[in-house]
Amino acid sequence: MELWIGALNLGFLYAFMTMGVFLTFRVHDFPDITVDGSFTSGAALAAVLIVAKVHPLIALLAAFAVGAAAGAATSFINTRFNVNGLLAGILVMTGLYSINLHIMGRSNIPLLDQATFPDYLEAVNPGLHPEAWITLILLPVMLAFWLLTGLFFKTDLGISMRATGNNPIMAAAAGVDVARMKTFGVALANGLVGVSGGLVAQYQGFADIGMGMGTIVIGLAAVIIGESLIRSRSLYAKVLSVIVGSIIFRMLIAGALFLGMNPIDLKLLTAVFVLTTLVASRALTHGTGLTEDRRRWSLSQPIWRRIGLGAAALLTAMVLVWTYRTPGGVPNPSSRTAKIGVLQISDHGLLNITRDSLIEELARLGYKNGDHCTIDLANANGDLPTVNTILDKFIQDGMDVIVPISTPCTQAAINKVKDRPVVFATVANPFIIGAGRSATDHLSNVTGVYGWVPMDKTMELVRSIIPGRMRIGSIWDPAHANSVFNVTLLEDAIRGNPDVTLIGATISSSSEVYQAALSLVQKDIDAFLLVPDNIVYSAFESVVKAARPKHIPIFLSDVERLGDGALGALGYDYTASGIQAARLVERVLKGENPRDIPFERYHQLTVGINLKVAKELGMTIPQGVLEKATRVYGGDNSRAVLDAAQ
Amino acid sequence: MAGCRYALASMGQHDEEVMIRITQLHKTFNPGTVNEVHALRGVSLQMRAGEFVSLIGTNGSGKSTLLNGVAGTFLPDSGTVEIAGEDVSCRMDYQRARHVSRVFQNPFMGTAADMSVVENLHMAYLRGKRSYPKVGLTRERREVYREQVKLLEMQLEDRLDDVIGTLSGGQRQALTLLMAIISKPKVLLLDEHTAALDPKSAAQVIHLTRRFIAAQQLTTLVVTHSMQQALELGDRTVMMNKGEIIDDISREEKQHLTVNDLLDKFAELRKAERLTEDMLEALRREYL
Ligand SMILES: Nc1ncnc2c1ncn2[C@@H]1O[C@H](COP(=O)(O)OP(=O)(O)O)[C@@H](O)[C@H]1O
Ligand SMILES: [Mg+2]
């Protein structure tokens, strides 16, 4: 049941965003990409204000304002500077990324300990299931939203706005300042999107810089689904279709997860669904010959066309869900053995290593999928709302313990899951996300393993190879809390050492890494020291390419990347994270209370040296360092890998 | 907008009789490019209140541009436009809409296709008023619109809630006309508003045009593509060529004129070298 109620609630919260998309896409006839940014803006500002102890309702008003400002900016650029609407939206969305970071001051704001709207509701809960209680409260809210929006479209202002979108020439002839009306409409739309962002942030328990990604596609999909299901000319029906579309969209995702579909295909499913519905609708409305009438789907179609369209959309959905159904994914509700739900945010190297070692260790401890227990592995592929839906599914499937791997998953899990144990793994710092105040004083149903790379030890390694005065270059993505945290650790390690200077360069995508690296090379750095950062590490080859011509050595924290051209690496062995987490899972399954299990740090460090690179750079590695190394690559002996640890 | 300056000279000495005064209006589209078109070359025209003027000329002679200049869809490069003694040269179309309403050649242009008949009429009613978030389209107003639609004699009073997109071109154009006069404008601009209609609908719309204009004593400027219409419609006929007014035929003169006389007039103009041979050809072709 949790899966469906959770999806219903998400559908409600996203309905405001969907209405915004409807307003721009259907009323103003312009697909506004600003929403990808304004959704996050609303979330960011609401989160910041809630942390500052502002009432959630006021925070939502502010979220509306900031979204509306973003929309007004897009429309202003579009109407006053005559920049194409799509392009104007892209420009504002891109700019908002920086603004959102400024609003938040970092890339992620946890709201776990803050008074959010679910907390306010929970305080007056007469004893219902929290999610069901939220639904019960949201129902009249959505009803009011539906009626008010429908009514708005019937007012003089609403009629003028619709006429402006439908036929700007006629509207101008009737005395409407088209540019101003459009700006008002797009601002209103993005205000609603901002409110949606603010609500979702409170519901999932955090705001994140990446949470708005793909909002426009979700919104369009929901609008189109709604339209294909409810095809009536009545304005109230149209507004209702937007809300229903938002809910159905969430239900489709929940359904896909319920059927065991791989979430990696969700985005493709969404895109294919939207495209098919659009094409089917185009084919059905074809032949009126009037551009005006074809621009929006004509509401004057004969009834059989509407029925045909609805049927086509439903059929597409069914075929797609059926196609993507993977055998064996359907949970078996009758088995009364241990059930473990493992959830990771994306398909990332470290996370995969953690997951694989977790599964291996669990098997060694006697928990093998299908044998003595059920292990459900889920991957949200970077989509935060999907994380929530997966958690709902885990709760519905009656998981005995939930294992979130990575920080965002853990953040969502500790916010949503209160009634069963959560064992997290591969989280850099569980304290900043509110999982606990110390290793022993933490949320009563939560335990796990964590650890940040000891930058002081990394610096020791660097200094033992390159003594004397030196300039260290580092690259990171300031939008990632972990990266920024690691840079702080690095700065701490360098502080008090007058011989070492840190020169930084920041990036926001992997395509910028090469240029950032070149700029550091230009500044005469003596070595690269790359703090853990997913984006920079994914573009590691670019750093090697920039460093090699100037013979600059590279140090990093991921021993797995050593063979790709780094001189030295010091970091944690993430298999340890998985193994330690598996052992905590076992303790919990055996009946131990998570409250009494302290958070554990990973303890297995790995140090690696690449002798082949050292030779290329003409550097000698001190014997002491080589003795400490757990892995040595290359070297004079022609063996490719010499694992000194063995 | 070099030309957008208020003409101080004409202030204060407004002649009550004059509704429209266009003075030395110039407009060049896409200046400095290969597509440069000098569409209006110093057009001056005065219309008395209640005067009904028809405008003829070859394709591309600047008739629509002149109407647009009055409506304010663009700001002129130089020259002024005064409506009822007020210099509106620097006002945009939506600011002039209170006084000026228009019907376009394309029947799809004057109405919002996806909105209902009453909603379109209500938009026309809102012309020149601010639209507030209040429900102005009340039951009473619907009844007013029902009565007004009856004037069209097209049985549209039974289709008030139908979407405009489902109506025929003739019905849409008749509605656009009704919408143009519903809020009692000072000036009515009609740009070949029957050219896209079948002959029967065209006759119907012309009939309505005459009735409405007579009833409201509207100052009207109508562009027409039919010589017959030019003679039958209006008190005066003005002829344009290459962005200039080349002839102005008064009411008295018109009363004795036939279509052939009008063509002779073209020939005369040709002799006076105000029309080139191919222009004359074009006129003959287009108007016969
Ligand atoms: N918005 C515009 N942009 C560029 N050129 C225009 C525009 N409007 C009219 N023109 C040009 O101005 C000239 C006059 O056009 P118009 O006034 O439409 O002629 P007509 O007398 O047929 O109504 C034509 O050459 C036309 O191409
Ligand atoms: Mg024209």
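This is a short tour of a predicted model, with stops at ligand 1, at the interface of chain B and chain A, and at two residues with an uncommented backbone angle worth selecting.

**Stop one: ligand 1**

Begin by selecting ligand 1 together with the residues around it, which are Phe29(B), Asn30(B), Val37(B), Ala39(B), Thr58(B), Asn59(B), Gly60(B), Ser61(B), Gly62(B), Lys63(B), Ser64(B) and Thr65(B). By residue type, this shell divides into three nonpolar, eight polar and one charged. If you colour chain B by its helices and strands, you will find that β2 (37–48) and α1 (63–71) each supply at least two residues of the shell, and that α1(B) gives the largest share, three residues.

Next, show the oxygen atoms of ligand 1 and look at what lies beside them. One stop is Thr65(B), where an N or O atom of the side chain is 2.5 Å from an oxygen atom of the ligand. At Gly60(B) the partner is instead a polar backbone atom, and the distance to a ligand oxygen is 2.7 Å. A further contact involves Asn59(B), whose side chain has an N or O atom 3.4 Å from an oxygen atom of ligand 1. How much of ligand 1 does the protein bury? Taken alone the ligand exposes 560 Å², and the protein buries 63% of that.

**Stop two: where chain B meets chain A**

Now widen the view and select the residues that link the two chains: 35 residues of chain B are in contact with 28 residues of chain A. The area buried between the chains is about 2,700 Å², and carbon and sulfur atoms give 59% of it. To see where chain B loses the most area to chain A, select Tyr94(B), Asp114(B) and Met123(B), which together make up 24% of what that side buries.

For the polar side of this interface, the rule finds two salt bridges across it. One of these can be shown by selecting Asp156(A) and Lys134(B), where the closest N and O atoms are 3.4 Å apart. Across the interface there are also 14 residue pairs in polar contact, counted with both residues at pLDDT 80 or more.

On the side of chain B that touches chain A, the elements giving two or more residues are α2 (93–96), β6 (100–103), α3 (117–125) and α5 (169–182). Among these, α3(B) is the one to highlight, since the largest share, four residues, comes from it. The residues on this side of chain B divide into 17 nonpolar, nine polar and nine charged.

**Stop three: two backbone angles**

Finish with two single residues, one in each chain. His551(A), which is not a glycine, has a positive phi of about 50 degrees, and you will find this residue in the loop between α22 (540–547) and β11 (554–556) of chain A. In chain B, select Gln24(B), where phi is near 45 degrees, again a positive value in a residue other than glycine; Gln24(B) lies in strand β1, residues 18–29.

Definitions and conventions: Residues numbered from 1 in each chain as written. Chains lettered and ligands numbered in written order. Predicted model: local features only at pLDDT ≥ 70, side-chain atom pairs only at ≥ 80, totals over all residues. Heavy atoms only, no water. Near = heavy atom within 4 Å. Polar contact = N/O pair within 3.5 Å; in protein donor to acceptor, adjacent residues only side chain to side chain. Areas by Shrake-Rupley, 256 points an atom, 1.4 Å probe, with all protein chains shown as cover. Nonpolar A, V, L, I, M, F, W, Y, C, P; charged D, E, K, R; others polar. Contact = heavy atoms within 4.5 Å. Buried area = accessible area lost by both parts, 1.4 Å probe. Salt bridge = Lys/Arg side-chain N within 4 Å of Asp/Glu carboxyl O.
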